[in-house]
Amino acid sequence: MTGEWVKVAAPATTSNIGAGFDVFGIALKEPYDIIEGRKTDSGIKITEVTGPGSDSIPLEPERNSVGIAAAEVLRRCKADFGLELKIKKGIRPCSGIGSSGASAAGGAYLAHILCGEKLSPTEVVLCAAKAEDSTSGGFHADNVAPCVLGGFTVIRSYEPFEVITIEPPKDLGVVVAMPDVLVPTRESRAVLPSEVPLKDMVYHLGNASSLVYAMMTGDLKLIGRSVKDVAIEPRRAHLVPHLKDAESEAMSHGALVSFLGGSGPCIISFYDKSSHNGDNIAASVKDLYSDRGMKCDTWVTECGSGCRRI
Ligand code: HSE
């Protein structure tokens with residue numbers, strides 16, 4: 001038995017966003033992965049992986065984010081069939097914009113469709129988060145939640161799991177700059193401290209709270225002031241060459257704020273679409289890397305929806 005092919009798009013996401021380590025995430029319009037699948041008699045088989053960085057992605061389903069997440073959906077739905085899967089990466093692995101998260105969320109969402117959409121959106125997120133746990137060295141859902149649900153998401157609690165979705169302001173533009181360096185999430189998490197000082201916690205609490213308020217009220221300047229991180233990015237800065245200079249360059253070309261995307265190396269800049277040009281910000285960061293002998297890809301994008309059938 002083989003069924004009809006179903007295809008889904010799973011977007012890149014930016015997580016942490018200053019003070020919200022493992023809590024905040026935003027779905028981006030671009031780039032995105034495409035996951036295709038169809039029902040088979042039994043088992044999960046990945047028959048094709050293409051796109052940037054695909055040579056580093058294992059085909060074995062139990063080591064592959066798409067395969068692990070899809071298997072979890074089949075298990076929860078007590079499915080009596082298997083899957084054939086094809087993956088077209090639009091997001092290079094080790095990028096800091098949720099490459100493994102997009103694959104995991106796309107795999108879970110696709111399997112959810114093929115199982116007759118029996119799961120709640122939160123259950124789909126949890127199936128994807130299981131894959132993140134296996135492949136990235138820690139259970140975190142701040143990429144898979146926005147990837148499945150879209151918009152700006154807040155993980156209120158991991159146990160019990162609860163996620164809140166907020167519509168980001170329409171004028172919030174996003175520039176993604178990806179320098180040509182690989183930063184595996186597992187390694188980027190390994191450099192983090194297990195404890196943070198009380199004064200850092202207070203600082204993060206203030207900024208995290210005010211970022212949520214600013215997202216809800218559409219106050220772009222307050223968003224710019226609220227994306228602050230004294231606990232995580234400073235520990236990771238050495239993993240991304242020229243990070244601070246790139247952030248300063250983006251700021252001097254009109255960004256509201258510029259910061260490390262997720263576990264890196266992507267540098268994310270927010271800007272006001274109604275008054276500034278994202279292309280100028282993107283070009284300034286690209287030129288800085290080029291002057292220093294490094295390639296840097298850029299996307300001028302915006303907040304977007306979650307996984308969707310295409
Ligand atoms: N919150 C996670 C981290 C995201 O910063 O490690 C990984 O992309």
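**Exercise 1. Partners of β2**

Pro-11 stands opposite Tyr-32 in β2. Starting from this pair, find out which strands pair with β2 and in which sense they run.

*Solution.* A word on the model first: it is predicted, so local features need pLDDT of at least 70 and side-chain atom pairs 80 or more, while totals for chains, interfaces and linings use all residues. Residues are numbered from 1 along each chain as its sequence is written, and side-chain values use heavy atoms, without hydrogens and water.

Step 1. Locate β1 at residues 6-16 and β2 at residues 20-40 (strands are DSSP runs of E with at least two residues, helices of H or I with at least four, numbered from the N terminus). These two strands run antiparallel and are joined by 10 bridges (pairing takes at least two DSSP bridges).

Step 2. Look at the turn: β1 and β2 make a hairpin with 3 residues between them, and Ile-17 in that turn has a positive phi of about 50°.

Step 3. Follow β2 to β4, residues 82-88, where 7 bridges hold an antiparallel pairing. Here Gly-37 faces Leu-85 in β4.

Step 4. Now turn to β5, residues 152-157, which is antiparallel to β2 over 3 bridges. Ile-26 is the residue opposite Phe-152 in β5.

**Exercise 2. The ligand and its surroundings**

Which residues are around the ligand, and how much of its accessible area does the protein cover?

*Solution.* Step 1. List the neighbours (a heavy atom within 4 Å): Ser-15, Asn-16, Phe-21, Asp-22, His-140, Asp-142, Asn-143, Thr-185, Arg-189, Arg-236, Gly-262 and Ser-263.

Step 2. Sort them by element. You will find that β1, β2 and α5 (185-190) each contribute at least two residues to this shell.

Step 3. Check the polar contacts (pairs of N or O atoms within 3.5 Å). A ligand oxygen lies 2.7 Å from a side-chain N or O atom of Arg-189. For Arg-236, the distance from a polar side-chain atom to an oxygen of the ligand is 2.8 Å. In Asn-143, a side-chain N or O atom is 3.0 Å from a ligand oxygen.

Step 4. Add the cover: of the 260 Å² of accessible area that the ligand has on its own, the protein covers 98% (Shrake-Rupley method, 1.4 Å probe).

**Exercise 3. Backbone surprises**

Where are the cis peptide bonds before Pro-160 and Pro-265, and where does Cys-94 lie?

*Solution.* Step 1. Recall the usual picture: most peptide bonds are trans, and most residues other than glycine have a negative phi.

Step 2. Inspect Glu-159 and Pro-160, which are joined by a cis bond with omega of about 0°. Pro-160 belongs to the loop between β5 and β6 (162-166).

Step 3. Go on to Gly-264 and Pro-265, also linked by a cis bond, with omega near 10°. The loop holding Pro-265 runs between β8 (257-260) and β9 (267-272).

Step 4. Finish with Cys-94: though not a glycine, this residue has a positive phi of about 60°. Cys-94 is found in the loop between β4 and α2 (99-114).

Notes. Polar contact = N/O pair within 3.5 Å; in protein donor to acceptor, adjacent residues only side chain to side chain.
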